[in-house]
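Trainee: Before I use words such as "salt bridge" or "contact" in my notes, I would like to know what earns a structure each of them. Could we go through this one together?

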Amino acid sequence: MKPEVSPSTPVLAVRELRKAYGDTVAVDGVSFEVARNEIVGLLGPNGAGKTTTINMVLGVLEPTAGSIHIQGVDLARHRSQALEFTNFAAVYAPLPGNLTVVQNLRYFGMIYGVRDIATRIEQLLKEFDLERFRDTKCGVLSSGEQTRVALAKAMLNRPSLLLLDEPTASLDPATARDIRARIKDFTAKGTGGVLWTSHNMYEVEEVCDRVLFVSRGKVLLQGNPRTLPHEHGKQSLEELFITVAREPLALEHP
Ligand code: ADP
């Protein structure tokens, strides 16, 4: 049975998170939260530590130090209980292409221990406009259709925390817009929150309630993506991103 969780408990609370590989510090004392109904963008240049952070939140990588609480549950102490509240979609983790849409959803539904899987799958096929592809092998679907299946899979267990690593990479603008609308719906209609990585600053500005700029394993800036650039004397989020990527020290000590 899931414990009662106060509505004010963040869906994700990360404190002083650190991951070192020998002398390489991939994540260097990162702290942040994701609230209910909030979409938080994790931004930063390649190698900044975004994927390492996400993998620690997913329990794939063990932190060197620091803590992760998902819905108030300590991931280090109550791993399976904490992970029940999460799910994830990323372009580099495609669903098995030789399984059909329904087979994939059933397979992952069993892994997540979803009750009444058949009904849940029918709901998701409808919600993500996948009914006509139900018996199609995922490997032959277009990128946009595969992303919709990946999102349906990510919703199977009704996660409180949804982690999305570049969910719209490789999608055409119309399909990307459709995917963004579905993700916004998830936070608007339910009680979940989203941690989202993207390199598309237009998308980030449109979708994210808050952004965290990460560089060299540290959070350098955070705030509203629509006002943050002006607060730092930049015209656009893209300009701010480039400054963070090129001259992080200038922003570390303004
Ligand atoms: P991002 O997702 O922001 O592009 P990553 O989290 O993948 O960045 O990587 C952060 C840093 O950690 C990079 O310098 C990367 O080379 C390093 N790194 C990631 N994984 C490993 C590993 N398994 N061993 C050694 N270094 C790693």
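Trainee: How many Å separate the centres of domain 1 and domain 2?

Mentor: In this predicted model, the centres of domain 1 and domain 2, taken over C-alpha atoms, are 25 Å apart. The domain assignment gives residues 1-85 + 160-254 to domain 1, and residues 96-158 to domain 2.

Trainee: What makes the two domains count as being in contact, and how many residues does each supply?

Mentor: Contact is judged on heavy atoms within 4.5 Å, and the contact takes 13 residues from domain 1 and 12 residues from domain 2. Between them the two domains bury about 930 Å², with 66% of that area on carbon and sulfur atoms. In domain 1, Leu162, Ile179 and Arg182 lose the most area to domain 2, and together they make up 43% of what that side buries.

Trainee: What holds across this interface by the rules for salt bridges and polar contacts?

Mentor: The rule finds 0 salt bridges across the interface of domain 1 and domain 2, whereas 2 residue pairs are in polar contact there. On the side of domain 1 that touches domain 2, β7 (161-165) and α6 (173-189) each supply at least two residues, and the largest share, 6 residues, comes from α6. By class, that side of domain 1 has 7 nonpolar, 3 polar and 3 charged residues.

Trainee: Why is the pair of arginine 210 and glutamate 38 called a salt bridge?

Mentor: The side chains of arginine 210 and glutamate 38 meet at 2.8 Å, N to O, and the rule asks for a side-chain nitrogen of Lys or Arg within 4 Å of a carboxyl oxygen of Asp or Glu, so the pair qualifies as a salt bridge. Arginine 210 lies in strand β9 and glutamate 38 in the loop between β2 and β3, so the pair links distant parts of the chain, 172 residues apart. By this rule the count comes to 12 salt bridges.

Trainee: How do you know that threonine 51 is in polar contact with the ligand?

Mentor: An N or O atom in the side chain of threonine 51 is 2.6 Å from an oxygen atom of the ligand, and the cut-off for such a pair is 3.5 Å, so threonine 51 meets it. The side chain of threonine 52 places an N or O atom 2.5 Å from a ligand oxygen atom, while for alanine 48 a backbone N or O atom lies 3.1 Å from one. Residues surrounding the ligand include Tyr21, Pro45 and Lys50.

Conventions
Residues are numbered from 1 along each chain as its sequence is written. This is a predicted model: local features need pLDDT of at least 70, side-chain atom pairs count only at pLDDT 80 or more; totals for chains, interfaces and linings use all residues. Side-chain values use heavy atoms; hydrogens and water are left out. Domain bounds come from an automatic or database domain assignment. Buried area is the accessible area (1.4 Å probe) that two parts lose on being put together, summed over both. A polar contact is a pair of N or O atoms within 3.5 Å; within protein, one must be able to donate a hydrogen and the other to accept it, and residues adjacent in sequence count only if both atoms are side-chain atoms. Helices (H or I, at least four residues) and strands (E, at least two) are DSSP runs, numbered from the N terminus. Ala, Val, Leu, Ile, Met, Phe, Trp, Tyr, Cys and Pro count as nonpolar, Asp, Glu, Lys and Arg as charged, and the others, Gly among them, as polar. A residue is near a molecule or strand if one of its heavy atoms lies within 4 Å of it.
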